[in-house]
Amino acid sequence: VAGLPHPVITLLTDFGTADGYVAEMKGVLLSLAPEARIVDIAHDIPPQDIMRARLTVSRYWRRFPPGTVHVVVVDPGVGTARAALAVESEGRFLVGPDNGVLSSAIGVGHARVVDLDVPGGASPTFHGRDVFAPAAARLARGEPLDILGRTHRKSVMIHTPVPIRADGGGVTGEIIAIDRFGNAITNLEPLPGETVTVAGWVVPVVRTFGDVAVGTPCALVGSAGLLEIAVRDGSAANSLGLGVGMPVEWMPAPVP
Amino acid sequence: VAGLPHPVITLLTDFGTADGYVAEMKGVLLSLAPEARIVDIAHDIPPQDIMRARLTVSRYWRRFPPGTVHVVVVDPGVGTARAALAVESEGRFLVGPDNGVLSSAIGVGHARVVDLDVPGGASPTFHGRDVFAPAAARLARGEPLDILGRTHRKSVMIHTPVPIRADGGGVTGEIIAIDRFGNAITNLEPLPGETVTVAGWVVPVVRTFGDVAVGTPCALVGSAGLLEIAVRDGSAANSLGLGVGMPVEWMPAPVP
Amino acid sequence: VAGLPHPVITLLTDFGTADGYVAEMKGVLLSLAPEARIVDIAHDIPPQDIMRARLTVSRYWRRFPPGTVHVVVVDPGVGTARAALAVESEGRFLVGPDNGVLSSAIGVGHARVVDLDVPGGASPTFHGRDVFAPAAARLARGEPLDILGRTHRKSVMIHTPVPIRADGGGVTGEIIAIDRFGNAITNLEPLPGETVTVAGWVVPVVRTFGDVAVGTPCALVGSAGLLEIAVRDGSAANSLGLGVGMPVEWMPAPVP
């Protein structure tokens with residue numbers, strides 16, 4: 001798996017691109033792994049938003065082919081005692097800070113995690129360039145995980161909150177993200193009920209946008225397998241006043 | 001042409017990057033076409049702006065070498081009955097929804113269009129990942145267009161509006177886009193006249209920015225061969241109050 | 001060095017991506033250098049901000065492996081008499097306008113600079129597509145610098161301002177950039193003093209963010225080797241009211 005002729009290295013950061021920080025990382029990657037194909041994921045994660053980065057990583061890391069190396073640098077703790085990690089999980093590799101951004105890969109059975117050595121000359125404010133990029137390049141070249149550092153026993157893990165089963169038979173979840181279209185993604189898995197309640201609105205559960213009229217709110221199972229609140233050809237977040245953390249209640253259909 | 005060792009797949013979406021939707025598509029592409037080189041075009045098309053996407057696609061699809069596969073996903077109709085298309089035009093391939101975004105390639109003589117099959121397990125809200133990316137990967141691997149679906153007879157076509165010839169010998173066009181610099185791109189092809197009128201301003205037609213002083217409005221033939229209204233080292237849209245759809249009038253030079 | 005099997009071409013522009021200008025350049029690059037790997041640096045440099053582009057280029061151009069071709073198009077003077085340059089410096093190549101954006105590479109000993117020929121059919125408003133991309137593709141294919149144009153004698157050079165030594169033994173520098181995190185990057189190299197003064201604030205000099213409490217201002221040597229003003233887990237620019245050009249004073253520690 002490792003040591004492909006043109007290994008793929010992906011990059012997720014909150015650096016933006018205009019300052020040149022991501023560019024420096026790409027230069028280091030290509031200097032150390034000259035045959036790599038670099039794939040940008042995103043650099044516009046809101047600054048230091050670990051929760052957002054964690055959720056985004058959970059969507060894509062496993063979609064890439066085995067051998068891919070994912071670099072994830074959303075790292076408000078750079079320059080503190082937080083560990084720097086490299087992970088092997090289901091044949092993919094990930095590198096990033098020990099702050100929860102890699103939870104979705106570390107939480108899988110048989111995942112292996114090592115504590116990366118920080119080179120003496122590393123900048124205390126830019127481990128993306130001086131610690132994570134060099135480690136990613138070594139993994140992309142086919143070096144085994146074990147020689148990059150010692151086994152890391154206990155990683156910081158962040159989990160999506162679990163919905164709560166209510167007394168009356170309903171389930172209460174919450175909004176965990178608002179996407180670019182204003183769709184509100186919840187932590188609820190598909191339910192048999194016909195409506196959900198959010199922010200005082202009662203919203204019908206449908207199969208797809210086409211099942212409601214333009215401008216109408218609906219709830220549907222989104223592409224990550226979770227219930228989303230949407231407005232056809234509009235923004236549910238704006239129209240309904242939704243935000244991350246708001247509760248979403250599902251009540252079972254009344255017995256006729 | 002097809003089946004290059006490192007085929008190029010380009011991506012244009014309105015997904016932004018932070019949510020990870022584009023990342024999922026890239027993972028699917030590289031899983032199914034492991035040797036591909038992925039080239040980002042843009043992911044910041046305004047949400048669901050088909051007109052803008054169509055215009056941008058028209059600029060670049062033919063600039064890439066034959067065999068390139070262009071993925072275009074600006075798709076407000078996902079989950080409705082709109083068709084999913086794959087196109088072969090002048091040796092390039094394009095995949096995207098049947099809503100007009102691919103018009104510039106479909107409108108060319110000898111273009112072939114097929115109706116993509118939607119796999120049973122496809123998410124009704126994310127054909128980019130489950131329909132278009134898999135089809136693009138198959139084309140990139142050299143599979144012929146015909147085996148991806150049946151011939152599609154009548155595609156949705158969006159055309160740039162045609163300028164109108166006025167009684168007095170002039171021509172009236174309109175602004176079809178404002179670019180990042182505030183240049184207003186019109187649908188007028190080069191004209192022999194000396195001035196154009198827009199939003200009440202009479203603007204001289206020149207060859208290049210250098211022909212006017214800093215801060216001065218001018219009209220010139222832009223890099224797509226169309227007349228643009230610009231302000232040297234400034235924003236014509238802001239300075240002159242220009243917007244998409246505004247008429248632009250060219251009057252012939254008075255006979256001396 | 002030149003003529004690698006999969007040469008790397010990087011792109012820095014102020015074009016944004018939605019208009020398709022960068023896409024056109026990528027199409028030209030891949031048509032003329034079909035094996036190239038294109039690496040995006042940034043396209044969100046503020047429009048026509050030569051100073052910002054120059055600083056960003058200075059961070060990354062040398063981090064890439066020898067043979068890399070860097071395309072830099074922040075070019076308010078397109079269509080005027082400004083020269084179009086190609087540069088070979090320390091084994092890397094750069095192409096871009098003669099307006100100072102390439103200063104950090106041109107200023108190195110043994111750098112060679114040529115004046116690119118502008119093809120007759122080039123758009124006077126888009127040298128990125130018609131002059132710089134073709135030149136970059138030729139360099140990526142291994143053509144020597146000399147055949148792209150004649151030696152250019154005197155390039156426009158922009159230098160970071162030099163700090164001023166004050167009478168009392170202190171040094172006065174200035175803020176040269178604000179990054180995405182709100183860190184204020186100065187032109188001061190590491191100093192032995194214990195505090196710096198900026199915008200009326202006296203800020204302690206520390207080794208890393210972890211040395212101060214959350215929300216506290218500090219000054220530290222950033223990843224480019226220059227003193228930065230930062231606020232741990234916050235924005236120094238917002239909290240302290242900092243902007244480019246503001247003076248930053250270092251006074252030597254008082255003798256006890």
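**Exercise 1.** Determine which rotation superposes chain C on chain A, and where chain C comes nearest the axis.

*Solution.* Chain C is superposed on chain A by a rotation of 120 degrees with 0.0 Å of shift along its axis (RMSD 0.0 Å), the fit being by least squares on the C-alpha atoms of residues with pLDDT of at least 70 in both copies. The two copies are therefore related as by a three-fold rotation axis. In chain C, the C-alpha nearest this axis belongs to Arg37(C), at 4.3 Å.

The model is a predicted one, in which local features need pLDDT of at least 70 and side-chain atom pairs count only at pLDDT 80 or more, whereas totals for chains, interfaces and linings use all residues. Residues are numbered from 1 along each chain as its sequence is written, chains are lettered from A and ligands numbered from 1 in the order in which they are written, and side-chain values use heavy atoms, with hydrogens and water left out.

**Exercise 2.** Describe the contact between chain C and chain A, beginning with how many residues take part.

*Solution.* Counting contact as heavy atoms within 4.5 Å, 33 residues of chain C touch 36 residues of chain A. The residues on the side of chain C comprise 14 nonpolar, eight polar and eleven charged ones, where Ala, Val, Leu, Ile, Met, Phe, Trp, Tyr, Cys and Pro count as nonpolar, Asp, Glu, Lys and Arg as charged, and the others, Gly among them, as polar.

**Exercise 3.** State how many salt bridges join chain C and chain A, and examine one of them.

*Solution.* With a salt bridge taken as a side-chain nitrogen of Lys or Arg within 4 Å of a carboxyl oxygen of Asp or Glu, the count is three. One of them joins the side chains of Glu24(A) and Arg59(C), at 2.7 Å from N to O.
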